[in-house]
Amino acid sequence: MATVATRVDAKRAIRKLRILEKAMGEDIVLELIGRGMLKAAQLNFESDGAIFSPKGSWEPLSPNSRIGNSKPMLVDTGALKNAFSYTTGGGEVEIRNIDP
């Protein structure tokens, strides 16, 4: 399984997160972050990789792979897209894809 880690070391973002944490509690803030990350991963599939790909989209499939398929790339059955989940705990959020 591939692992991708993202770290944000932006003073402004940290200050804003501390304000949210004080207002709502750490658990709720982490839950909201997890939901947002999950939604972004799902939107990435719907946009053929435009959200996270450095090139703005995934490499195109061969014409033979797309014949008769108008669905976004990698969404033939939806199993891969729908295998993402997240957990919170210990002051962290983890999003992962359990290979379908």
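Does Glu21 count as buried, partly exposed or exposed, and at what relative accessibility? In this predicted model, Glu21 counts as partly exposed because its relative accessibility is 26%.

## Overall architecture

The chain contains 3 helices and 2 strands. Along the sequence, these elements follow the pattern α-α-α-β-β. Of the chain's 100 residues, 17% count as buried.

## Salt bridges

Searching the whole structure gives 2 salt bridges. In one of them, the side chain of Glu21 meets that of Arg18, with an N to O distance of 3.4 Å. Arg18 and Glu21 are 3 residues apart in helix H1, and therefore about one helical turn separates them.

The side chains of Glu31 and Arg35 also meet in a salt bridge, at 3.4 Å from N to O. Both Glu31 and Arg35 belong to helix H2, where they are 4 residues apart, about one turn of the helix. Glu31 has a relative accessibility of 27%, so it counts as partly exposed. In general terms, side chains of opposite charge can pair when their charged atoms come close.

## Nonpolar surface patch

Leu17, Leu20, Met24, Ile28 and Leu32 make a nonpolar surface patch of about 400 Å². At least two residues of this patch come from each of helix H1 (11–24) and helix H2 (26–46). The most is given by H1, which provides 3 residues.

Met24, one of the patch residues, is located in helix H1. Met24 counts as partly exposed because its relative accessibility is 34%, a value that satisfies the patch requirement of over 30%.

## Positive surface patch

A positive patch on the surface is formed by Lys11, Arg12, Arg15 and Lys16. Among them, Lys16 is found in helix H1. The relative accessibility of Lys16 is 48%, so this residue counts as partly exposed.

Helix H1 thus holds Lys16 of the positive patch and also gives 3 residues to the nonpolar patch. The salt bridge between Arg18 and Glu21 lies in helix H1 as well.

## A buried polar residue in strand S2

Asn97 is placed in strand S2, which spans residues 92–97. With a relative accessibility of 15%, Asn97 counts as buried, since the limit for that class is under 20%. The Asn97 side chain reaches the backbone oxygen of Leu80 at a distance of 3.0 Å.

Methods: Residues numbered from 1 in each chain as written. Predicted model: local features only at pLDDT ≥ 70, side-chain atom pairs only at ≥ 80, totals over all residues. Heavy atoms only, no water. Buried < 20%, exposed > 50% of the residue type's maximum accessible area, 1.4 Å probe, protein only. Polar contact = N/O pair within 3.5 Å; in protein donor to acceptor, adjacent residues only side chain to side chain. Patch = residues over 30% accessible without salt bridge, like charges linked within 9 Å, V, L, I, M, F, W, Y side chains within 5 Å. Areas by Shrake-Rupley, 256 points an atom, 1.4 Å probe, with all protein chains shown as cover. Salt bridge = Lys/Arg side-chain N within 4 Å of Asp/Glu carboxyl O. Lys, Arg positive; Asp, Glu negative; His and termini not counted. Charge placed at Lys NZ, Arg CZ, Asp CG, Glu CD.
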